[in-house]
Structures are given as C-alpha cells and as structure tokens.
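Subject: Structure handover

Dear colleague,

I am passing the structure on to you with this email, and it is shown just below. After it I have written out what was found, so that you can check each point against the coordinates yourself.

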Amino acid sequence: PSSPSPPSPSPSSPPVLAPPAFEEGAPVRPLEQLLSVLPPASKRFLPAPYRALVEEGSPVKRWYPEAFAEDQNFKRAPWEAIALIPFIDERGLRAAVAGLRCEEGLSEEEARRNAREGQNYLYRSRPPSAPAGPPVRSTLPGLFPDVPRAASEELPWRFPPERAPFAPALPRGCRRPAPGFPCLGWLRPGAELAPGPVNLFGFESRKPSLLLRMRPVAYPVERLAQHHFGAPGKGKGGQQKGKG
C-alpha cells in the first residue's frame, strides 16, 4: 500500500528545513587554496607572483594581518586558542589574483602545479567471480610482496556531462517510514535560535544555538494498521483474505 503523507505543518510555524539552493561553481586552484590557509610568515611557500598578495600594498592585505587577537575560549594551552583573523572571501581572492595577473608570471612547472585538470579514478570492489585482473605491483619491493589478485579495481571516472538538478525528494523506490517514525519529515519540529545547554568540549556554548522543539504527534490506530497490514479485510499488499 502507498505510504500516507506526513501531517501538514501548522500555518503559524515556519519550515525547519527549507529546500536547498545550490549554485554550480568550480573548486579553487591549488595556489588559491594556499592563499586561503597560509599566514604571511609562510609566504615563501608561494610562487613569487602570488607573494605580493600577502605583502603591503596588496588589495587583500587586510586578510593577512601580522598581529591578531586570540580567544582562549576556556582553553589552557596557547595552541588551543582561536585566532581572530578575518574570513577570506573566495570571489574577492580570485578577483585579486586576476587583477595582479599572477598566473602570467608562473613558470611552466608552477603552472602545472596550479592546474586543476587531471584524471579522476573510481575504486570499487571486484566480485570474487570476476576474472582476475593484472597483479598490483608493490610500491615497496623487498618489504611488501605484490598482490597477485586484487580485491578491488581502478576505473577512470568522469563527471556526467548533464546532471539533473538537486530535488529534495526521496529517490525512486524508497518509501517513507511509518507514521511515528522518529525523523524530521514526520515529527515536524519547531525551531528557534536561542541559548541552550549545548556542550562544546566540556563547556556550555556561550552563543545561541539552533534548537529543535519536538511536538507530540498522535496517529489513529486505523492509519497505522492500514500502513502495515493494508486496507481492512485485506492482507498486506492488498491481497484479499479468506478461508481456504
């Protein structure tokens, strides 16, 4: 039998989880990733054209302070403190890299290091009944032997050329759980941003947290019976019951 629909939320209660909206983009390049995590003292790990972004006169120098405050957040060791430094805006960083034309000053080896292209691979288990593939050569000969029959295989993998947009719905073939199943789709909790006893590494959170308030939900016995056993007078799956 078809699964019953979850109860409709109250008109006065806002939805807890709104359908997500994604904007398709691309990952940052390796050198942009380094710019996002390296402090100014480690700029020697960047190619020369990119070092200018963390030095005086850079349009994004504010993201790379030489001195900054720290929040111990009830911790004792200095290395446990939270560094209070600005967040780096990805679009602003990319605009600064393009504005200074950093990529044009890279050597051939540095440009290859900064490339984002490459072959992706999919690794999956090989069924025992599958034909044996080539042996896997040891990466440390003399310490570890070759693997004559690998239990997994490596396949080239590429992103599909066309991807369907994300839909917040159950995949085909999946069924909703029975009424009363403890999931957000059935319980329809309320949500609020408020102080609460949230434990963070042994201390209570000092800032508001997103709290879910569960509401008592009651379902008629007839509805539960129909979900599990089918319509009255029929067995599960809708088969008519009767005497042999």
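What follows goes from the overall layout to the helix pair, the salt bridges, one chain contact and a surface patch.

Please keep in mind throughout that this is a predicted model. The secondary structure of the protein comes to 6 helices and 8 strands, and when these are read along the sequence they follow the pattern α-α-β-β-α-α-β-β-α-β-β-β-β-α. The protein has 244 residues, of which 19% count as buried.

Two packed helices are described by the angle between their axes and the distance between the axes. For helix H1 (residues 30-37) and helix H3 (residues 90-99), the axes come within 11 Å and cross at roughly 120°. That angle makes H1 oblique to H3, since the range that counts as roughly perpendicular runs from 65 to 115 degrees and roughly antiparallel begins over 145. The crossing of H1 and H3 is right-handed.

A salt bridge is also found between these two helices: Arg94 is paired with Glu32, and the closest N and O atoms are 3.6 Å apart. Arg94 sits in helix H3 and Glu32 in helix H1, so that the pair links distant parts of the chain, 62 residues apart. The two partners fall into separate accessibility classes, because Glu32, with a relative accessible area of 6%, is buried, whereas Arg94, at 28%, is partly exposed. Glu32 and Arg94 also belong, together with Glu90, to a network of salt bridges.

By the rule applied here, the count of salt bridges comes to 12, and I describe two further examples. In one of them, the side chains of Glu55 and Lys43 meet with an N to O distance of 3.0 Å. Glu55 lies in the loop between H2 and strand E1 (69-71), while Lys43 lies in the loop between H1 and H2, so the pair ties together parts that are 12 residues apart in sequence. Glu55 counts as partly exposed, at 31% relative accessibility, and Lys43 is likewise partly exposed, with a relative accessible area of 31%.

In the other example, Arg126 forms a salt bridge with Glu153, and the closest N and O atoms are 3.7 Å apart. Because Arg126 lies in the loop between strand E3 (120-125) and strand E4 (152-157), and Glu153 in strand E4, this pair ties together parts that are 27 residues apart in sequence. Both Arg126 and Glu153 are buried.

A contact of another kind involves Pro49, which is found in helix H2 (residues 48-51). The C-alpha atoms of Pro49 and Gly105 are separated by 5.9 Å, although the two residues are 56 residues apart along the chain. With a relative accessible area of 23%, Pro49 is partly exposed, because buried would require a value under 20%.

Finally, there is a nonpolar patch on the surface, of about 510 Å², made by Leu184, Leu193, Leu210, Leu212 and Met214. One of these residues, Leu210, has its place in strand E8 (residues 209-213). Leu210 has a relative accessible area of 60% and is therefore exposed, the cut-off for that class being over 50%.

With best regards

Conventions:
Residues numbered from 1 in each chain as written. Predicted model: local features only at pLDDT ≥ 70, side-chain atom pairs only at ≥ 80, totals over all residues. Heavy atoms only, no water. Patch = residues over 30% accessible without salt bridge, like charges linked within 9 Å, V, L, I, M, F, W, Y side chains within 5 Å. Areas by Shrake-Rupley, 256 points an atom, 1.4 Å probe, with all protein chains shown as cover. Salt bridge = Lys/Arg side-chain N within 4 Å of Asp/Glu carboxyl O. Helix = DSSP H or I, 4+ residues; strand = E, 2+ residues; numbered from the N terminus. Buried < 20%, exposed > 50% of the residue type's maximum accessible area, 1.4 Å probe, protein only. Axes fitted to C-alpha atoms, helices over the stretch in contact; angles between N-to-C directions. Parallel < 35°, antiparallel > 145°, perpendicular 65-115°, else oblique. Left-handed = near helix turned anticlockwise from the far one by under 90°.
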